[in-house]
Amino acid sequence: MTKSWHEMTALELGHLIGECAIDPIDLAQYFYDRIEKADPEKRIYVRLTKERAFAEATAASERAKNGTRRGPLDGVSISWKDLFDTAGVATEAGAPLLEGRTPTEDAECLKRATRAGLVCLGKTNMPDIAFSGIGVNAWTGTGPNPHDKTVDRVPGGSSAGAALSVAQGLAAAGIGSDTAGSVRIPASWCGITGLKVTHDVISLEGVVPLCYSQDTIGPLTKDVADANALYAVLSGEPAADLKGVSLQGVRILRATSQFDALTDPTIMAKFKEGLALLEAAGAEVTEGPVQAFDDVIALSTKHGSPAAIEACMMYGERLHANPEGMYAPITQRILAAEEYSAVGVTALFDGMKRLEKEYLKQTAGYDLVVGPTQPQHPPEIAPLLNNVEAYLAATIMSISLTRLGNLLKLCATTLPCGKLDGLPVGMMLMAPAHQEGKLLRLSAAAEKALQPINA
């Protein structure tokens, strides 16, 4: 059976554009027609960039016809989280505090994507300055998780609209950011693939910051091959060679630290089903603790969150002057950093550097460290908006496992690992900094091994 365009991967669409079987102009219009029907309340896309998109699609169409395409994704339509500067288009990062903020030039990563021929459909929804792992935005409304048709559950955040644009077939891929899990959380809960890169591998120039020492940019996609292709575009690094990928002899550590204590047993059981498939494909799986995971959480619990500290430094004065400029629980989390001591903050950042090295020692000899991406299923939206304690608890839960990779400067992917009670479960694969090529190859092999559980 022939797949519809919204069911195809970005690379499949790009291939057909290269064959002149799809016109980029028609593709952009196809997605806009779907967006109009699926997102009338603008809970997924906060604003569309139609004039820009059709100009880019027209140019891509001409290149396809005359054989001058810029790459395998030339002419493919994707979405961008509303914290990437877009010339002449409001970029407000989900916060009234930044209302009307209109940059004069594109973010560096958007420039790279444009040079590669990608078509910008519009800006996707997110919580205020990306400071929420559940993805709720009290100002714009929140697009519900597409996997529960009876109850509105959170999509995950902060790249909420980015994930929904892919999961609901409203873009071929989405570009988001990840400071404590903001690519991997919504990718996991929406049943798609997400890539968290090493800090600073993709330029943060022109990106509204939350935590400049932790912020990273990453794609949300239908599969690893798309994530790999977009990683190459955004970073300027060569795409990993995914041919002949295999798990034969690959050493995997299933981390017990943090993961076992925090993960719902039924989700852990589903994750282990997926892990058994990796073993069947030739991987050598060992279970054991990673002391650095426990230590870095203890360090942050004692001395504070890097995101709160840096966000408070950047936005604290403005929030005091305009307390309504962000959602109250987010403002509360940010301003709480004013109580941290200088000694404690110094101990936090010094300790994280030390633990980065300790992690490498403790996991030496393993190709990957793995665990469930999310410890629980996505909670319902409504109760969180009526109870600050519930909102904050859900937020901490959502980042509890993913933030390990940010605090220790790792790169990571999340892959679909089947469903439980109709809701997706994610498998997180982690590798040391600057090993994106190896991580993507092994993720592609794991993706292949996981096909039976995702069928």
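Here are some questions and answers about a predicted model.

Reader: Let's start with helix 5. Is helix 5 largely enclosed or not, and how many of its eight residues are buried?

Author: Good place to begin! The buried residues run through A160, G161, A162, A163, L164, S165 and V166. Parts of the structure that cover them include strand 1 (45–48), strand 2 (77–81), strand 3, strand 4 (174–178), helix 6 (184–190) and strand 6 (216–221). Helix 5 is therefore largely enclosed by the rest of the structure, and its count of buried residues is seven of the eight.

Reader: Which residue just after helix 5 takes a positive phi?

Author: Look just past the end of helix 5, which spans residues 160–167. The phi there is about 70 degrees, and the residue that takes it is G169.

Reader: Where is G143, and is G143 buried or exposed?

Author: G143 lies in the loop between strand 3 (119–124) and helix 5 (160–167). Buried means under 20% relative accessible area. G143 has 5% relative accessibility, so G143 counts as buried.

Reader: How many ångströms separate the C-alpha atoms of G143 and R43?

Author: Along the chain, G143 and R43 are 100 residues apart. In the fold, G143 touches R43, along with P155 and L164, leaving aside residues up to four places away in sequence. The separation of the C-alpha atoms of G143 and R43 is 5.0 Å.

Reader: Now for T402. What is its relative accessible area?

Author: T402 sits in the loop between helix 15 (388–399) and helix 16 (403–407). Not counting residues up to four places away in sequence, T402 touches A180, G181, R184, I185, T373, Q374 and M428. T402 is buried, and its relative accessible area is 0%.

Reader: How many disulfides does the structure hold, and how far from C211 is the nearest cysteine sulfur?

Author: A disulfide is a covalent bond between the sulfur atoms of two cysteines. The structure holds zero of them. C211 is in no disulfide; the nearest cysteine sulfur is that of C312, at a distance of 12 Å.

Reader: Which of the two cysteines C20 and C211 is buried?

Author: Compare their relative accessibility. C20 has 49%, so C20 counts as partly exposed. With a relative accessible area of 0%, the buried one is C211.

Reader: How are helix 4 and helix 7 oriented to each other?

Author: Helix 4 (residues 108–115) and helix 7 (residues 224–235) have axes 8 Å apart and pack at an angle of about 115 degrees. Helix 4 passes helix 7 in a right-handed crossing. Angles of 65 to 115 degrees count as roughly perpendicular. The two helices, helix 4 and helix 7, are therefore roughly perpendicular.

Reader: Which classes of residue make up the contact of helix 4 with helix 7?

Author: On the helix 4 side we find C109, R112 and A113, which meet V233, L234 and S235 in helix 7. Divided by class, the residues of this contact are four nonpolar, one polar and one charged.

Reader: What about helix 10 and helix 13: are they roughly parallel or antiparallel?

Author: The axes of helix 10 (residues 291–303) and helix 13 (residues 342–362) come within 9 Å and cross at roughly 175 degrees. Angles over 145 degrees count as roughly antiparallel. Helix 10 and helix 13 are therefore roughly antiparallel.

Reader: How many nonpolar, polar and charged residues does the contact of helix 10 with helix 13 have?

Author: Helix 10 brings Q291, A292, F293, D295, V296, L299, S300 and H303 to this contact, and helix 13 brings G344, A347, L348, G351, M352, L355, Y359 and Q362. By class, the contact of helix 10 with helix 13 has nine nonpolar, six polar and one charged.

Technical notes: Residues are numbered from 1 along each chain as its sequence is written. This is a predicted model: local features need pLDDT of at least 70, side-chain atom pairs count only at pLDDT 80 or more; totals for chains, interfaces and linings use all residues. Side-chain values use heavy atoms; hydrogens and water are left out. Helices (H or I, at least four residues) and strands (E, at least two) are DSSP runs, numbered from the N terminus. Buried means under 20% relative accessible area, exposed over 50%, partly exposed in between (1.4 Å probe, protein chains only). Contact means heavy atoms within 4.5 Å. A disulfide is a pair of cysteine sulfur atoms within 2.5 Å. Axes are lines fitted to C-alpha atoms, for helices over the stretch in contact, and angles run from 0 to 180 degrees between N-to-C directions. Angles under 35 degrees count as roughly parallel, over 145 as roughly antiparallel, 65 to 115 as roughly perpendicular and the rest as oblique. A crossing is left-handed if the near helix is turned anticlockwise from the far one by less than a right angle, and right-handed if clockwise. Ala, Val, Leu, Ile, Met, Phe, Trp, Tyr, Cys and Pro count as nonpolar, Asp, Glu, Lys and Arg as charged, and the others, Gly among them, as polar.
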